[in-house]
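Here is a short walk through one protein model and its ligand. Have the sequence and the 3D view open, and follow along step by step.

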Amino acid sequence: MKPCPEDETAAAAGNPWEECFEAAVQLALRAGQIIRKALTEEKRVSTKTSAADLVTETDHLVEDLIISELRTRFPSHRFIAEESAASGAKCVLTTSPTWIIDPIDGTCNFVHRFPTVAVSIGFAVNRELEFGVIYHCTEERLYTGQCGRGAFCNGQRLRASKETDLSKALVLTEIGPKRDPATLKLFLSNMERLLHAKAHGVRVIGSSTLALCHLAAGAADAYYQFGLHCWDLAAATVIIREAGGIVMDTSGGPLDLMSCRVVAAGTQEMAVLIAQALQTINYGRDDEK
Ligand code: IPD
């Protein structure tokens, strides 16, 4: 994945994807209204890959709305989206302009009326991420990042943490959908390793995209997860990079959007320390399902 160019260079060159970015912002806000209203209403809940991997009619409604609007405006574009993938659509990132969508991130929170839910819309061209839009529906916070143009929350510039010392770090993670004993043992042992390394704390908030936004905002120093998907990661990756942070593979190598694993941090040093502490939990790849 290409590093984002410096702000001034991109700004001077103009942004060919501005219309797409504006469309993403408008749709995220519209989707947020629907999700906010549905949060306190009765829901029809189904499971997907595990008893903890939930989906509701609102996930489908919002995904259909976003894709149908975007398809009308940008008929040649391609889509990767959570509920379409769950119904068997392939997750293949080609060189075509591609929207990568999570209609409700934090569906389990949504089901329980725990008010930490987001809409996430990422956009890639030539397999490179161009922008990300994440809307925290209940707090009405709009996080955006455009390659070379910075990252913002409700218009305020985001800056990731400069912390390099793991013993001074607040670390975020998410559990992921698998709950078999071997996976849980590895998950807990990874958390234990970071606590043994004297991290100040490890938090699980139930939405990987919003946890990644907290990282971009400098409210946490690192994030790691096994079992998240490209739709959890695409938009947030641009936002973190534009806030000066690092997003990489858990091996310490470059990020692979389809690999279902990630380490992100405010600094390269912190990302490497986290990556070195982790044992791998295998979730396969999004593009091989
Ligand atoms: C999930 C949430 C959860 C994380 C999972 C994600 P969803 O997304 O972000 O916190 O543990 O890995 O897939 O299913 O709520 O869109």
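Start at Ser-208. One of its polar side-chain atoms lies 2.7 Å from an oxygen atom of the ligand. Keep in mind that this model is predicted. Now move to Asp-232. An N or O atom in its side chain is 3.1 Å from an oxygen atom of the ligand. Gly-227 takes part through its backbone. There, an N or O atom lies 3.3 Å from a ligand oxygen. How much of the ligand does the protein bury? Taken alone, the ligand exposes 380 Å², and the protein buries 89% of that.

Next, look at the whole shell. The ligand is surrounded by 17 residues. Ser-208 is among the closest, together with Asp-105, Gly-106, Thr-107 and Glu-174. Which element gives the largest share of this shell? Strand β4, residues 98–105, does, with three residues. Sort the shell by class and you find nine polar residues, five charged ones and three nonpolar ones.

Now step back from the ligand to the space around it. The space taken by the ligand is the largest pocket. This pocket holds about 900 Å³ of space. Its lining counts 40 residues. Which of them lie nearest the centre of the pocket? They are Asp-53, Glu-82, Pro-177, Gly-227 and His-229. Gly-227 is a residue you have already met, with its backbone atom 3.3 Å from a ligand oxygen.

Several elements build the lining of the largest pocket. Helix α4 (82–86), strand β4, helix α5 (107–111) and helix α8 (230–242) each supply at least two residues. Strand β4 is also the element with the largest share of the ligand shell. By class, the pocket lining has 15 nonpolar, 14 polar and eleven charged residues.

Leave the pocket and turn to the cavities. How many reach 30 Å³ or more? The count comes to two. Take the second largest cavity. About 30 Å³ of space lies in it. Its lining consists of Thr-173, Glu-174, Phe-187, Asn-190, Tyr-224, Gln-225, Phe-226 and Ile-281. Glu-174 is worth finding twice: it lines this cavity, and it is among the closest residues to the ligand.

Which elements feed the lining of the second largest cavity? Helix α6 (181–196) and strand β12 (222–226) each give at least two residues. The largest share comes from β12, with three. By class, this lining has four nonpolar, three polar and one charged residues.

Finish with the backbone, in a loop. Most residues other than glycine have a negative phi. Go to the loop between β5 (118–125) and β6 (128–136), where you find Asn-126. Asn-126 is not a glycine, yet its phi is positive, about 55°. Arg-127 is found in the loop between β5 and β6 too. Arg-127 is not a glycine either, and its phi is positive at about 65°.

Key: Residues are numbered from 1 along each chain as its sequence is written. This is a predicted model: local features need pLDDT of at least 70, side-chain atom pairs count only at pLDDT 80 or more; totals for chains, interfaces and linings use all residues. Side-chain values use heavy atoms; hydrogens and water are left out. A residue is near a molecule or strand if one of its heavy atoms lies within 4 Å of it. A polar contact is a pair of N or O atoms within 3.5 Å; within protein, one must be able to donate a hydrogen and the other to accept it, and residues adjacent in sequence count only if both atoms are side-chain atoms. Accessible areas come from the Shrake-Rupley method with a 1.4 Å probe; for residues, only the protein chains shown count as cover. On a 1 Å grid over the protein atoms alone, a cavity is a set of points where a 1.4 Å probe fits but cannot get out, and a pocket is an open set with protein on both sides within 12 Å along at least five of seven lines; lining residues have an atom within 4 Å of a point. A molecule sits in a cavity or pocket if more than half of its atoms lie within 2 Å of its grid points. Helices (H or I, at least four residues) and strands (E, at least two) are DSSP runs, numbered from the N terminus. Ala, Val, Leu, Ile, Met, Phe, Trp, Tyr, Cys and Pro count as nonpolar, Asp, Glu, Lys and Arg as charged, and the others, Gly among them, as polar. Grid points are joined across faces, edges and corners, and a volume is the space filled by probe spheres set on the points.
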